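Reader: Could you take me through one part of this model close up, the sheet and whatever packs around it? Keep it casual, but be specific.

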Amino acid sequence: MGTSSSLLDENKSNYIKGQVDEKFKKFAPIYRKQYSLAYLSKIRDELEQRKEERTQYLKQRAPPESGKVLYEEIVRYFDDGRKWKERYIVIRACFVLECHESYKAFMKGAPPLHRLIPTGGTILTTEEKYMEMIDQACPCTNNVQDDFAPRVTDMPGQFPVYLRLPYRQDSYFCFRDENSQAEFISVLSDCIRHQNKDFLKKKTCEVKAFLKAIQLYRQENGQYESWDMLIGSDVRGLANLFMEDLMPYLEKELQPCMNSRRGDKRRVWFATVEAAYFLLQEHLLERLTTLKEECKNTAKQQEALMRSDMDQITSSRAFLESKLKAVVTEPTTKYCTEQVQPYLPAILEEVQGPISLGFTEARDLSEGMMEQLCQDFQDAEQAEELREAMFKMRRANLQSCYEKLSGLADHVQELQQTFSYCIKGLANSTEIDLKQLMENVEYTFELLVRKALEDPSVSLTMAMQKASNRVLKQFDYDSSTVRKRIFQEALIDITLPSIKKHLAPSFKEELPKFEQHIFADYSNFISVENVYEDIIQQILEKDVSMVVKEAASKKKYNLFTESKYNFSVSSLSFTPPGSAPSSPGHLHTSPSQRTPLPPSPLLGNGMTANKSVTVHLLKSESSTLSQALPAMEKIDEGENKTLLEEGSDDVFAIAETSTSNTSTETKPELITTTIAMDVIPTPVIEVTESAGTSSSPKGELFSDFANRPTVAISPICMKTSGFGGDPAETENNSEVAVLTDDQAQIKAPMRDESTYPIAVCLSIEDVEAGDIYKEFTDEQIIDLPEKASESQSSPCLEDETRPLGCVKEIRDLVMEVIEIEEVIQPCKDNGEKVQMFEEPEAIV
């Protein structure tokens, strides 16, 4: 089954090289243009200081060195001599499998017998499934029974592993027990995933240019659907593309060889294909290396022009985009509305089901491992054993998680027929993201436990339990963020090719006409086809974003919305070492650990913080308030959940009602209702308008501060009980404020803090008509310091009243106060300045 260059004579070799040169000539110009665009984008990001950052809570370990050994074991390997021999298999962090003759040879530093890069590989464990794949890959030999694969009877164990590789010879391994087989499959699967996707995920100009060039090259040949062989390096990916066109030629040329002995047909075919594949890669490597060097030199020469004329280039592109939008938007929107939008919810449902199951399985696995550690290690003296156990946690087997994800193939089978989408690439990328998330869980938990071990005063059991709870919360958020990104990208990848294919007949010949809108000096930096595809994708992304947001709002698969999901302060009391300043762990620290903001302008008006919430209303309207109070107690379910997550106690409201008589006949009987709430420290705004004058000593500066609407703010005390004292006395201490159109007066009731709980007084009364306005909501609440000095207000002036009956007007008054540029301390009636209260730490 070994390769032989003699299988390709000189004529075949020359033909293959000629085909490569011909196709590469069509590919090179596309790559050159895309490289210039990618380099321009890099310069623009540098000038605008744009960085692509994805915030996450869990900490990520630095990637290991490429030479680090991930797996090493003596394994039975089926070699080229078609015999089973023990070989020392080593898999390094570069995800390359090395086959050494023995452990001694490995320790001596001898080079490996084979180096296997398993790009595109498929792992099978039964001979039946393996032979099915062979029958599909080899022409004219269907249902031929021979000894192409190792015979089961001759295997040194009962647990084989078949590694099927495209265009290359396959590899076979055998194990004596199931655990060894599972461990090897787990590591080998990681190698395949990373070899498939790691190179293509790089953000370099070479990779960006290559991916876009491959896409446009295939579209020129009418191939718009996704392609599962775009894997590995650029040379391997391009070789896979050219091999598809080369396979019919090889099948025709090798037809005479198929008449040989039946047992040799498959071996001759696969050996010849492998020889052609290696020849093609060798030839492409030389051509592609030269092309990349040429593009790199050209870009450096044009860099000065890119930097100096960046604004003009951007403006020229924007002008071209506006011209294209005028033509492309309508047909694209129409097709999306009729042929894409109806499918998006169904596609998302089919995709997010298996993916969410896989992530849920990963969460359960992480939780189980951390709980086991909490149970096994409850003494700080077991620190060394605990570290060893956490090290083993790194090598957790995620096969059960991957099995949940494997349901993608079944769920999306019908959608594949509609949109011609290959699910293999999505599965590989999702598995990589899932494994990375699991590694982040282990690393974050390890950091938190290490910090607990450094402090002897901390209980190890409690610290580990707290760390586990915190890590799971962070996993939930990161999992939601990762899955939403996966869903967004998947919906676009599935549906975008169908849109471009539908619009191609209408615009393929029209697009070159738009070249006239590009300045000749910038023709290398602007591509009509790129702008055209960006417009189509932007239109599609709007529909996709709406579908994903709607799915997140339903919370069926625990997709959190950004505005609703908040962590409690206690769960983020400290951040793992090495966290970036922009990390949510820093952003959600407690207020005492944050730098205080400058004092609010609303607190500089010399007002006293009131200490109660008093609402005066007509007795005839008491029933209305009794109906309104339960409504005030009810907090939106989502907000209530957020409050609980932030560590608040139970939220409730208690109403105490008493009656008091007025001394004036014109005033109807009033009912004083006092509300005490047990909530988190939530600020309340008091707004009063009154008329009044204030005097000051001659020559001393003063303003018309008393004539302006004023806001008094103070905090609500935690766990406030009902008010003590006489309600009538409370009302007498609370002077009535008269509302006017053009003047305002501050009313600050004098109270004994030992008698009254800390709250806020809101007392608004219409003197002339006797109407009482009592409407206020929790939207009036903001943070305030807990202490303030006392001040007295100037006498009321009777004037034409203006009702203040809704929250909107209160907010308008607040905005007017904010607009005051100069705030002068108000004066008492005797001309003395009112002592301004100091704000220790204002949090707006």
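Author: Let's start with F78, which stands opposite W84 in strand 2. Keep in mind as we go that this is a predicted model. Another facing pair joins the same two strands: I74 stands opposite Y88 in strand 2. These pairs belong to the ladder between strand 1 (residues 69–78) and strand 2 (residues 84–92), which run antiparallel and are joined by 9 bridges. The hairpin linking strand 1 and strand 2 has 5 residues between the strands, and in it R82 takes a positive phi near 60°.

Strand 1 has another partner as well. It runs antiparallel to strand 7, and 2 bridges join them. Here Y77 is the residue to look for, as it stands opposite F173 in strand 7.

Now zoom out to the whole sheet. It is an open sheet of 7 strands, in the order 4-3-2-1-7-6-5, and the pairing is antiparallel. At the edges you'll find strand 4 (114–116) and strand 5 (122–124); each has a single partner strand, so one side of each has no neighbour in the sheet. The sheet is twisted too: on average, neighbouring strands are turned by 35° against each other, ignoring direction. As a general reminder, strands of a sheet pair through backbone hydrogen bonds, in either a parallel or an antiparallel way.

What lies across this sheet? Helix 4 (residues 178–197) does, lying across strand 1, strand 2, strand 3 (97–100), strand 5, strand 6 (159–164) and strand 7 (171–175). Against strand 6, helix 4 runs at about 15°.

While you have the model open, look at helix 15 too. Helix 15 covers residues 460–507, which makes 48 residues, and at 1.5 Å a residue they should span 70 Å. The C-alpha atoms at its ends are 67 Å apart, which agrees. Follow helix 15 along to T495 and you'll meet a kink of about 30°, shortly before the proline P497.

Helix 15 also packs with helix 9 (residues 344–376), at an angle of about 160° and with the axes 10 Å apart. Angles over 145 degrees count as roughly antiparallel, so that is how helix 9 and helix 15 are related. The crossing of helix 9 past helix 15 is right-handed.

Methods. Residues are numbered from 1 along each chain as its sequence is written. This is a predicted model: local features need pLDDT of at least 70, side-chain atom pairs count only at pLDDT 80 or more; totals for chains, interfaces and linings use all residues. Side-chain values use heavy atoms; hydrogens and water are left out. Helices (H or I, at least four residues) and strands (E, at least two) are DSSP runs, numbered from the N terminus. The expected span of a helix is 1.5 Å times one less than its number of residues. The bend at a residue is the angle between axes fitted to the seven residues ending there and the seven starting there. Two strands pair if DSSP finds at least two bridges between them. Axes are lines fitted to C-alpha atoms, for helices over the stretch in contact, and angles run from 0 to 180 degrees between N-to-C directions. Contact means heavy atoms within 4.5 Å. Angles under 35 degrees count as roughly parallel, over 145 as roughly antiparallel, 65 to 115 as roughly perpendicular and the rest as oblique. A crossing is left-handed if the near helix is turned anticlockwise from the far one by less than a right angle, and right-handed if clockwise.
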